[in-house]
Amino acid sequence: MTELEREEWISVLNLVPDEALRAVIDNFPADWIIKPKALPQAGLGLLKMRDSALGEPFYLGEFPLSTCWLSISTQDGKTAEGAALIMDDRIEQAEQLAICDAVLSAKLPGWESVAQLVSLGAERKQIIEKERKAILARTRVDFSLLDDAGDDDA
Amino acid sequence: MLELASIWKPEVQQQNYRSILEAMSRPGRIQNITFSQSDSDAMTAILATLLDGEVSLSDPDKLLNIDDWPMLQATKAEPDCADYIVCKGSSSPDFEPKQGTLSSPEYSATLLLQVESLTSGSSKIRLQGPGIETSEEVSISGLSDDWLTRREDWVYAFPLGVDMILVAQDMILALPRTTRLEVI
């Protein structure tokens, strides 16, 4: 299936190119009945934090957020539920990811294609993390040099 | 690919909101609610239009489909503290709905009563008040007289009170707190 935990599927699938995701979704049987369990929504999430001095709450910022929770019923009587919560303003993207989540969790027909996408997404995630680590490493400051500078001033 | 019933779509909700607004503005005049007979009903269509995650809902008579609760997003509450209450019109009220406060009368309950008919029935009522030129008369079936009796107590201390919406088939009729009722 896939080595990743279910809670990680959506984050890695979200890194897969849109065309690849769309192609897999389009290959699922058209006679599946896909119904929402909750209203799919897109909007802005607010990041609430507390300041360290007085403990007063404040909003650090906002970010796009889309949610989808759905159920799939196949013609042979199988049912599965899937959900997605992504930092993106496209409801369709959340819907597609939720469908993939349901298909993979219940091993509905076509789950192998989704598992391949998960692997692809996981590879992309590793590359992105590596790049970020490299960027972060370049920002590292060697404070030991400051000691030398201090000696000079003295 | 995702099948969404029409009552959850913005264009239908806007239509239904207009109907609810018209019903509240013209008490006693029947308005129509848009929904698909195959997968929904007027009561759920009204709730889909009015509710969101910020309000609470009570369904003491279990009129709603359990699958609709997550779609409505409203939190469950007891009738005594709910923002919206769904009830059978034929049953008698055994709760005291929120009537707001003098500084915030809008923090009161809206009651949605499922009745059998809004065009014929044994309950004949004359309505007067804001939004009615002289008076309106309506005949309703499936509405217990207890609701009208209790309503008198609930709306007595205006601006405190409750607003009622009666629902039958695809029709609604509103009884805002400002409307005076007389059983004839």
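**Exercise 1. Elements and overall size of chain B**

How many helices and strands are there in chain B? Work out their order too, and then check the chain's compactness.

*Solution.* Keep in mind that this is a predicted model.

- Step 1: go through the elements of chain B, and you get 4 helices and 10 strands.
- Step 2: write them down along the sequence, and the pattern comes out as α-β-α-β-α-β-β-β-β-β-α-β-β-β.
- Step 3: now take the radius of gyration of chain B, which is 16 Å; the globule rule for 184 residues also gives 16 Å, so chain B is as compact as a globular protein of that length.
- Step 4: for the extents, the C-alpha trace of chain B spans about 50 × 35 × 25 Å along its principal axes.
- Step 5: count burial, and 36% of the 184 residues of chain B qualify as buried.
- Step 6: finally, look at contacts in chain B between residues at least 6 apart in sequence; 63% of these join residues at least 24 apart.

**Exercise 2. Two helices that cross**

Find how α1(B) and α2(B) are oriented to each other, and what sits in their contact.

*Solution.*

- Step 1: fit the axes of helix α1 (residues 10-25) and helix α2 (residues 42-50) of chain B; they come within 9 Å and cross at roughly 95°.
- Step 2: angles of 65 to 115 degrees count as roughly perpendicular, so that is the label for α1(B) against α2(B).
- Step 3: list who meets whom. From α1(B) come B:Gln13, B:Asn16, B:Tyr17 and B:Ile20, and facing them in α2(B) are B:Ala45, B:Ile46, B:Ala48 and B:Thr49.
- Step 4: sort that contact by class, and you have 5 nonpolar, 3 polar and no charged residues.

**Exercise 3. The sheet in chain A**

Which strands of the open sheet in chain A stand at its edges? Describe the pairing and the helix that lies across the sheet strands.

*Solution.*

- Step 1: the sheet has 3 strands, in the order β1-β2-β3, with antiparallel pairing.
- Step 2: β1 (33-50) and β3 (79-86) of chain A each have a single partner strand, so they are the edges, and one side of each lacks a neighbour in the sheet.
- Step 3: average the twist from one strand to the next, and you get 15°.
- Step 4: zoom in on β1(A) and β2 (residues 57-73) of chain A, which pair over 15 bridges. Here A:Leu47 is opposite A:Gly61 in β2(A).
- Step 5: add helix α3 (residues 91-106) of chain A, which lies across β1, β2 and β3 of chain A and runs at about 140° to β3(A).

**Exercise 4. Where the chains touch**

Count the residues in contact between chains A and B.

*Solution.* On one side there are 8 residues of chain B, and on the other 10 residues of chain A. The chain B side splits into 6 nonpolar, 1 polar and 1 charged residues.

Methods:
Residues are numbered from 1 along each chain as its sequence is written. Chains are lettered from A and ligands numbered from 1 in the order in which they are written. This is a predicted model: local features need pLDDT of at least 70, side-chain atom pairs count only at pLDDT 80 or more; totals for chains, interfaces and linings use all residues. Two residues are in contact if their C-beta atoms, placed from the backbone, lie within 7 Å. Ala, Val, Leu, Ile, Met, Phe, Trp, Tyr, Cys and Pro count as nonpolar, Asp, Glu, Lys and Arg as charged, and the others, Gly among them, as polar. Axes are lines fitted to C-alpha atoms, for helices over the stretch in contact, and angles run from 0 to 180 degrees between N-to-C directions. Angles under 35 degrees count as roughly parallel, over 145 as roughly antiparallel, 65 to 115 as roughly perpendicular and the rest as oblique. The radius of gyration is taken over C-alpha atoms; the globule rule is 2.2 Å times the number of residues to the power 0.38. A residue is buried if 20 or more other C-beta atoms lie within 10 Å of its own, exposed if 12 or fewer, and partly exposed in between; C-beta atoms are placed from the backbone. Two strands pair if DSSP finds at least two bridges between them.
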